[in-house]
Amino acid sequence: MDRDSVRFPVPHRNIAVDIKGAKTDILICSYEDHILVVATQIGSMGTILHASKEEGVSINPTFNVSVIFGKRDEPMLVACARQLIEHMSSSGSSRALVLSLGLKDHSAETLRAVVAAVTAIRLW
């Protein structure tokens with residue numbers, strides 16, 4: 001079977017961007033109930049987070065972000081996941097987010113660039 005004729009059955013996009021001089025591969029997959037985002041500069045998954053919008057009676061939405069695997073002492077990674085789920089929610093998506101960040105540095109500048117690249121694609 002020809003590799004080009006086989007399509008991944010989930011809508012997805014992958015791009016490569018330069019963030020602070022480091023090649024950053026970003027993959028976004030749009031599943032029925034989740035959005036998967038993988039951003040890596042190190043060629044592996046890195047820290048994996050789960051973020052979701054909590055439905056309730058409150059006018060203001062609340063968001064739940066948790067670390068599934070990896071560094072639990074990196075508040076900037078949690079902030080990155082929260083920014084992405086808030087953006088997805090404000091765009092009308094009710095799906096949860098699974099975010100994998102394998103980055104060389106976890107600075108605010110790097111994470112802002114990841115958020116900007118992902119939100120520019122808007123696959124949700």
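# Exercises on a six-stranded sheet and its two helices

In β2, L27 is the bridge partner of N14. That pair is a handy way into this predicted model, so let's work outward from there.

## Exercise 1: From one pair to a hairpin

Task: Work out how β1 and β2 are joined, and find what is unusual in the loop between them.

Solution:

- Step 1. Begin with the pair N14 and L27, the latter in β2. The two strands, β1 and β2, run antiparallel and are joined by eight bridges.
- Step 2. Look at the turn. Two residues lie between the strands of this hairpin, and K20 is found in that loop.
- Step 3. Check the backbone. K20 has a phi near 55°, a positive value in a residue other than glycine. For comparison, most residues other than glycine have a negative phi.
- Step 4. Check the surroundings. With a relative accessible area of 46%, K20 is partly exposed.

## Exercise 2: Lay out the whole sheet

Task: Give the order of the six strands and say which of them stand at the edges.

Solution:

- Step 1. Write down the order: β1-β2-β3-β6-β4-β5, an open sheet with mixed pairing.
- Step 2. Find the edges. β1 (12–19) and β5 each have a single partner strand, so one side of each has no neighbour in the sheet.
- Step 3. Add the twist. On average, neighbouring strands here are turned by 15° against each other, direction ignored.
- Step 4. Locate the parallel pair. β3 (residues 34–40) and β6 run parallel and share seven bridges. Within this pairing, I35 stands opposite L97 in β6.
- Step 5. Follow the antiparallel pairs on the other side of β6. Five bridges join β4 to β6, with L99 in β6 as the bridge partner of L49. Seven bridges then join β4 to β5, where F69 in β5 is the partner of I48.

A useful reminder for this exercise: strands of a sheet pair through backbone hydrogen bonds, either parallel or antiparallel.

## Exercise 3: Follow a long-range neighbour

Task: Start at L36 and find how far V98 is in sequence and in space.

Solution:

- Step 1. Place the starting residue: L36 lies in strand β3.
- Step 2. Compare the two separations. L36 and V98 are 62 residues apart in sequence, yet their C-alpha atoms are 4.8 Å apart.
- Step 3. List the contacts. Leaving out residues up to four places away in sequence, L36 touches L27, I28, C29, Y31 and V98. Here L27 returns, the residue that pairs with N14.

## Exercise 4: Add the helices

Task: Determine which strands each helix touches or crosses, then look closely at α2.

Solution:

- Step 1. Take α1 (residues 75–90). This helix lies across β3, β4 (47–54), β5 and β6, and runs at about 145° to β6.
- Step 2. Take α2 (residues 108–121). This helix packs on the sheet and touches β1, β2 (22–30), β3 and β6, its direction making about 145° with that of β1.
- Step 3. Check the length of α2. Its 14 residues reach 20 Å from first C-alpha to last, close to the 20 Å expected at 1.5 Å a residue.
- Step 4. Pick out the buried residues of α2, meaning those under 20% relative accessible area. They are T110, L111, V114, V115, A117, V118, T119 and I121. Their cover includes β1, β2, β3, α1 and β6.
- Step 5. Step past the end of the helix. R122 follows α2 with a positive phi near 50°, although R122 is not a glycine. At 46% relative accessibility, R122 is partly exposed.

## Exercise 5: Find the core

Task: Identify the residues with the most contacts inside the largest nonpolar core, and the elements that build it.

Solution:

- Step 1. Size the core: the largest one has 28 residues.
- Step 2. Name its best-connected members, L49, L97, L99, L101 and V118.
- Step 3. Collect the contributors. Two or more residues come from each of β2, β3, β4, β5, α1, β6 and α2.
- Step 4. Zoom in on L49. Not counting residues up to four places away in sequence, its contacts include V65, V67, L77, A81, L97, L99 and L101.

## Exercise 6: Judge the confidence

Task: Decide which elements have the lowest and the highest mean pLDDT.

Solution:

- Step 1. Take the whole protein: the average pLDDT is 91, and 92% of the residues score at least 70.
- Step 2. Go element by element. Strand β5 (residues 62–69) has the lowest mean, 95, and strand β6 (residues 96–102) the highest, 98.

Notes:
Residues numbered from 1 in each chain as written. Predicted model: local features only at pLDDT ≥ 70, side-chain atom pairs only at ≥ 80, totals over all residues. Heavy atoms only, no water. pLDDT = per-residue confidence, 0-100. Helix = DSSP H or I, 4+ residues; strand = E, 2+ residues; numbered from the N terminus. Pairing = 2+ DSSP bridges. Axes fitted to C-alpha atoms, helices over the stretch in contact; angles between N-to-C directions. Contact = heavy atoms within 4.5 Å. Expected span 1.5 Å × (residues − 1). Buried < 20%, exposed > 50% of the residue type's maximum accessible area, 1.4 Å probe, protein only. Core = buried A, V, L, I, M, F, W, Y, C linked by side-chain atoms within 4.5 Å.
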